[in-house]
Amino acid sequence: MKRIVLSFTLISVFLISSVIEMKSANGQFLGNVYINPDGSVTGTNKIQRNENIYTLTGNISGGIQIQRSHILLDGAGNAIKGDGEGRGIDLSNGRGQDPSRPEINNVTVMNLKILGFYYGVDNANTNNNTFIGNYIENCQSSFWIVGSSSNIITNNTMNNAGISINYAGSNNITKNNFINCWVTTWASTQPIVDGNYWSDYTTRYPDAKVIDNTGIWETPYESWENVIDNHPLVMPYGTSSIPSSSPTPEPTPEVEAFPTTFVIATSVTFAIVCLALLVYLKKRQQS
């Protein structure tokens, strides 16, 4: 009897731990799209590779984990969409948990819509990356920059998705649009924040005037303590980058099939084991 209970316990622990292992820190199942260290792509057939250039050919549900340096990811106007958790673009390579993993550097992400993640871009423990022409909406942070420096963020639109910089070196944030969001820093070298559009500018500075015909307000914009934009824009930069409505990505079965199948199989197996144990115990009581 003790052996049976022990076996049942071990099986239960294995099944439960397998499910937990499949989840990220935010509770979202892993198994999203990967650009692997060898350059291959897994988890979707909607990314076309041409040497070190990766181009989306359609919308994707779920995030993209980049595990290779010196590449360019071109969204080509397509979107990746989350459920409010997880990471849209993950450049951290898990180095926060395992510092021995290689650092991912010199990645360019452009022309991509990133919608509804906890972190639009996890740019922790990675350097020298460029983000240009992206649209990021409804994320806790559009860019989560930790222990990172020499990144260029330009010509992007952040809508309800501010930039968070912590324990980081110098970063360049210019010619972006901030819609109902800001740049915040903590224990970091002051970033270069200049020539951006801020949607709440006229509310905060109602008496400000435009400098001649430059399209620049005369009063600097203070985003966070000493984070000051000395040349805030009167009009959004590159207004075509601000969509009138957010696209809804098409479902991506190849991304979600594995986690869903795994959970179903685990649940069925667990139920069978429980049923078998109950039947056995009932027979023991009758004998």
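Seven strands make up an open sheet in the order β5-β8-β11-β14-β17-β20-β23, with parallel pairing, where a strand is a DSSP run of E at least two residues long, a helix is a run of H or I of at least four residues, and both are numbered from the N terminus. Two strands are taken to pair if DSSP finds at least two bridges between them. The edges of this sheet are β5 (60-61) and β23 (197-198), each of which pairs on one side only. The model is a predicted one, in which local features need pLDDT of at least 70 and side-chain atom pairs count only at pLDDT 80 or more, whereas totals for chains, interfaces and linings use all residues. Residues are numbered from 1 along each chain as its sequence is written, and side-chain values use heavy atoms, with hydrogens and water left out.

Within the parallel sheet, strand β17 (residues 157-159) is joined to strand β20 (residues 177-179) by three bridges, and the two run parallel. N159, which is found in β17, has I179 of β20 as its bridge partner. At a relative accessibility of 15%, N159 counts as buried, a class defined as under 20% relative accessible area, with exposed meaning over 50% and partly exposed lying in between (1.4 Å probe, protein chains only). If residues up to four places away in sequence are not counted, N159 touches Y135, I136, E137, N138, I179 and C181, a contact being heavy atoms within 4.5 Å. C181, one of these residues, is itself buried, with a relative accessible area of 4%, and C139 is likewise buried at 6%. The disulfide count nevertheless comes to zero, under a rule that asks for a pair of cysteine sulfur atoms within 2.5 Å.

A second open sheet has eight strands in the order β3-β4-β7-β10-β13-β16-β19-β22, and its pairing is mixed. Its edges are formed by β3 (47-50) and β22 (192-194), each with a single partner strand, so one side of each is left without a neighbour in the sheet. From one strand to the next the twist averages 10°, with axes taken as lines fitted to C-alpha atoms (for helices over the stretch in contact) and angles running from 0 to 180 degrees between N-to-C directions.

At the β3 edge, four bridges join β3 to β4 (residues 53-56) in an antiparallel arrangement. Q48 stands opposite T55 of β4, and R49 stands opposite Y54. These two strands form a hairpin with two residues between them, in which E51 takes a positive phi near 55°. Along β4 the side chains alternate, with Y54 and L56 pointing to one face and buried, while I53 and T55 point to the other face and are not buried. On to strand β7 (residues 72-74), the pairing of β4 is parallel and extends over three bridges, with L72 of β7 as the bridge partner of I53.

Positive phi values also occur in two loops. A76, in the loop between β7 and β8 (79-81), has a phi near 55° although it is not glycine, and at 46% relative accessibility A76 counts as partly exposed. N111, in the loop between β10 (108-110) and β11 (113-115), also has a positive phi near 55°, and with 30% relative accessibility N111 is partly exposed.

A separate pairing joins strand β24 (residues 221-224) to strand β25 (residues 227-229) through three antiparallel bridges, with Y221 opposite D229. The hairpin they form has two residues between the strands, and E225 in its turn has a positive phi of about 45°.

The largest nonpolar core has 43 residues, and those with the most contacts inside it are I64, I66, L73, I80, I89, F143 and I163; such a core is a set of buried Ala, Val, Leu, Ile, Met, Phe, Trp, Tyr and Cys residues joined through side-chain atoms within 4.5 Å. At least two residues of this core come from each of β1 (33-35), β4, β6 (64-66), β15 (141-146) and β18 (163-166). Leaving aside residues up to four places away in sequence, I64 touches ten residues' worth of surroundings that include V33, I35, L56, L73, I80 and I89. For the protein chain as a whole, there are three helices and 25 strands, and 44% of its 287 residues count as buried. Among contacts with a separation of 6 or more, 40% are between residues 24 or more positions apart. The accessible surface of the chain comes to about 14600 Å², of which 56% belongs to carbon and sulfur atoms, with areas from the Shrake-Rupley method and a 1.4 Å probe, and for residues only the protein chains shown count as cover.
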